[in-house]
Amino acid sequence: MPSHMSPVEKPSPKGGKGPLIAVIVLVTVVVLLGGAYVAGALAFNQYFMPGTTLDGEDVSMRTVSDVAAEKSRELDDYQLHVSGNGIDLTITPADIDLTCDGEAYAQSAIESVNTWAWPLEIAQQRNLTSEASISYDREKIAALIEPVVEQGKQAVDATGGIGISYDAEQGTFKLADGVIAQHINVDAVVERIAQAIEARETELTLGVETLDVGDSIENAVTKANSYLSAIPTLNLAGEEVYDLTSEMVAGWVVIGEDMSVSLNQDAITEWCKGELSDLTDTAGTERTYTRPDGKTFTVSDSMTNVYGRSSYGWIIDGTATAEQIVAALESGTATTIDIPTIQTAAQINPGGQDWGERYIDVDLTEQHARYYDNGELIWEADITSGMPGQGTGGETPTGVWTVDSVKSAATDGDINLKGPIDPATGQPEWDSHVDFWVGFVGNGGSRNGNLIGFHNAPWQYQPFGGDTYLYNGSHGCVRLSYDSGQALYKVAQKGDAVVVHK
């Protein structure tokens, strides 16, 4: 063998470099794809994928920071107008430190998408929703409301109101804004404002839910107005005599601090006995009429009348009328009231003749009496009336009276007319016997100085009529001759009016 031999070179396997290159290429591709995948996932953590809407707005390929900034600016121009219960104010973000957390809003939305699945998601459509939390200072909201409450309290001090007033123009009770503010529950108002802001409302009208008195004040208004819807028609003998107004009834409504609603029955009774009675009552009032002979007279009670109010005419029962008005108003339904009466007349004719067509007319000036029946003269006679200046008794009382007693000695026994007791003697001042008596003052009672009637006067020798009454007049009665007294007795009827005038 040769002493020096070259190393034997082993040949490379056939194709040995190919698999390595393939591996390298594969790894490179994987690395590149992985990098692209990761890069995409990282990118879509900052950008919204194509085809994405957030709460209805297209945010495709917009950055989270851009969407967040836009959301944060959303409340910059926001305003809330609050009204009702005496409040009228507009709240701006600056007033209550109102802000919107746009960053959390946008971040919450982006996190709802699986960005690591972006290769599958990128071609899809997404409709995202998110809640944008807002913050504000409740104490600053309360600070806006508290002055209104204080103003309401001052209004109460000034007006004495409780939050409900009568609107004369509308004819109804209503909540009075200027006063009702005293009942505001500040915490309740703050909560309602907070709810409105959360809902992005721009108008908020406060109701009874923000009042300390709750719906009791609203119920009180309803109750008060129910009285106004039940105003009755007031009739007398079938004729309407008074038109009650809403304003009058409103004046009778009492609303307590506890929001209780009632009627002031004492005030209603006072009105019935006062104004209504003045309008409807005619007994004792001045009345003008025309006698069938064409002469017109005005009859009224004597200014010095010691006999009291003349008896004929309307007299309503004020107490009973008030009770019916209260019952009608509380019923809630408009009704008609026939006014209860203590005494009636033949017709309703305030200021005029309310007696019937059958009556005795006593003319003190003429010293003559006439009895009419439907315009026909059925009796007349000269008379001697009461002598002026006699004190008790004296002149025959003027006014409209009623025949209450018709007697004759022949059928009814002795008719003994006695005067008042003389304190010095203990005996009647006079004691007279007559044959005929037609009484019209005193209701038929025993003679006590206040009993007046027509009667014959056996003791009078002077002629009847003329000026005899001036020097030989009666103590108030209407004296007649025997024949005239007898004729009157035959035609007189209880209940007929007696009109005495000058």
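**Exercise 1. How much area does the protein chain expose, and what share of it do carbon and sulfur atoms supply?**

Solution. Begin with the surface of this predicted model: the protein chain exposes about 25900 Å², and carbon and sulfur atoms supply 50% of that area. Then turn to the residues themselves, where buried ones make up 43% of the 502 residues in the protein chain. Finally, look at the elements, and you will find 15 helices and 30 strands in the protein chain.

**Exercise 2. Locate His501, decide whether His501 is buried or exposed, and list what surrounds it.**

Solution. First, find strand β30, which covers residues 497-501 and contains His501. Next, apply the cut-off, by which a residue is buried when its relative accessible area is under 20%; His501 has a value of 1%, and therefore His501 counts as buried. Then examine the neighbours: leaving aside residues up to four places away in sequence, His501 touches several residues, among them Arg291, Phe297, Asp361, Leu364 and Thr398. Tyr289 is also touched by His501, and the side chains of these two residues are joined by a polar contact of 3.3 Å.

**Exercise 3. Decide whether Glu257 is buried or exposed, and state how far Glu257 lies from Gly163 in sequence and in space.**

Solution. Start with the loop between β13 (253-255) and β14 (261-263), since this is where Glu257 lies. The cut-off for an exposed residue is a relative accessible area over 50%, and because Glu257 has 73%, Glu257 is exposed. Last, compare the two separations: Glu257 and Gly163 are 94 residues apart in sequence, while their C-alpha atoms are 9.5 Å apart in space.

Note on methods: Residues numbered from 1 in each chain as written. Predicted model: local features only at pLDDT ≥ 70, side-chain atom pairs only at ≥ 80, totals over all residues. Heavy atoms only, no water. Helix = DSSP H or I, 4+ residues; strand = E, 2+ residues; numbered from the N terminus. Buried < 20%, exposed > 50% of the residue type's maximum accessible area, 1.4 Å probe, protein only. Polar contact = N/O pair within 3.5 Å; in protein donor to acceptor, adjacent residues only side chain to side chain. Contact = heavy atoms within 4.5 Å. Areas by Shrake-Rupley, 256 points an atom, 1.4 Å probe, with all protein chains shown as cover.
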